[in-house]
Amino acid sequence: YKRQIYEAKQRKTIEIIKNTSKKSQEKIDMICRLKEDGYWDACYTNSVRETAELMLESIGVLDHLHALITNQDVEAPKPSPAGYKKLMNRFSVPSDRTIIVEDSIRGLKAAWSTGAQVIKVPMNKDSQPIVSQVNYEFVTSNLDDNFLGHYSDWRHKRIAKLVDLMGGEEWFKDKTVLELGCGYGLSLIHI
């Protein structure tokens, strides 16, 4: 019976997503702007991969994410922090340089246990998340000064290391250099 219930739930979830989800330019813009700011953008969800991908694709953000971790990719789902820790390890990002935006009690427990900066999605009077309020301004305005200080220090060190690797500032003369938002990596296009 468990398998039948699971399959019925997945069919209903897929039907709901297909009938109600629509592209969210605001979410696409948020992820793109965070990428431009140098953040890795990833999703860890307690959903199965099929429905997670369908939902993320339907709102238009799947192709903009650096990674997706579902409950099928970890030993224990939320409230275990396993998925968040897996993402931090994948990108070699320490918890004090990680931002997690969460909308569920299980997710918040998982997020808080990582030591990352956690931003809680606002709730309505029925304790349901108001995900429509989650945009670039919401995320960046909720970062604490300690996190922003770490990020700024890290970015200056990264640029100084790049200058050193290229043999000093001379290499950059007469070149247009575009820094692409790549988290702890740095991609350069010089023209």
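The following exercises, each with a worked solution, concern a predicted model.

**Exercise 1.** Determine how the span of helix α1 compares with the span expected at 1.5 Å a residue, and state where the buried residues of α1 lie around its axis.

*Solution.*
Step 1. Helix α1 covers residues 2-20, which is 19 residues. The expected span takes 1.5 Å times one less than the number of residues, so a span of 27 Å should result for α1. The end C-alpha atoms of α1 are 27 Å apart, in agreement with this value.
Step 2. Gln10, Ile14 and Ile17 are the buried residues of α1. They cover an arc of only 65° around the axis and therefore lie on the same side of α1.
Step 3. In general, residues three or four places apart point the same way, because an α-helix has 3.6 residues a turn.
Step 4. The buried residues of α1 pack against α3 (49-58). The face turned away from the buried side carries exposed residues, including Gln4, Lys9 and Arg11.

**Exercise 2.** Carry out the corresponding analysis for helix α2 and identify the glycine just after α2.

*Solution.*
Step 1. The 12 residues of α2 reach 16 Å from first C-alpha to last, close to the 16 Å expected at 1.5 Å a residue.
Step 2. The buried residues of α2 are Lys27, Ile28, Met30, Ile31 and Leu34. Their arc around the axis is only 160°, which puts them on the same side of α2.
Step 3. Glycine 38, just after α2, has a positive phi of about 100°.

**Exercise 3.** Find the aromatic pairs of the structure and classify each by its geometry.

*Solution.*
Step 1. A search of the whole structure yields 2 aromatic pairs.
Step 2. One of them joins tryptophan 40 and phenylalanine 91, with 4.6 Å centre to centre and 20° between the planes. Planes under 30 degrees apart count as stacked, so this pair is stacked.
Step 3. Tryptophan 40 belongs to the loop between α2 (25-36) and β1 (42-44), and phenylalanine 91 to the loop between α4 (82-90) and β3 (99-102); the pair therefore ties together parts that are 51 residues apart in sequence.
Step 4. Tryptophan 40 counts as partly exposed because its relative accessibility is 29%. Phenylalanine 91, at 15%, counts as buried.
Step 5. The rings of tyrosine 44 and tyrosine 84 have centres 4.9 Å apart and planes at 85°, so they form an edge-to-face pair. This pair links strand β1, which holds tyrosine 44, with helix α4, which holds tyrosine 84, across 40 residues.
Step 6. Both tyrosine 44 and tyrosine 84 are buried. The charged end of lysine 78 sits over the ring of tyrosine 44, 4.9 Å from the ring centre.

**Exercise 4.** Describe the largest nonpolar core and the contacts of isoleucine 100.

*Solution.*
Step 1. The largest nonpolar core has 15 residues, of which Tyr44, Tyr84, Leu87 and Ile100 touch the most other members.
Step 2. At least two residues of this core come from each of β2 (67-69), α4 and α5 (105-112).
Step 3. Not counting residues up to four places away in sequence, isoleucine 100 touches Tyr84, Met88, Ala111, Thr114, Ala116, Gln117, Val118 and Ile119.
Step 4. Another core lies apart from the largest one; it has 12 residues, among them Leu34, Tyr39, Val61 and Leu65.

Methods:
Residues numbered from 1 in each chain as written. Predicted model: local features only at pLDDT ≥ 70, side-chain atom pairs only at ≥ 80, totals over all residues. Heavy atoms only, no water. Helix = DSSP H or I, 4+ residues; strand = E, 2+ residues; numbered from the N terminus. Buried < 20%, exposed > 50% of the residue type's maximum accessible area, 1.4 Å probe, protein only. Arc of directions from axis to C-beta. Contact = heavy atoms within 4.5 Å. Phe/Tyr/Trp six-rings, centres within 6.5 Å; stacked < 30°, edge-to-face > 60°. Lys NZ or Arg CZ within 6 Å of the ring centre and 35° of its normal. Core = buried A, V, L, I, M, F, W, Y, C linked by side-chain atoms within 4.5 Å.
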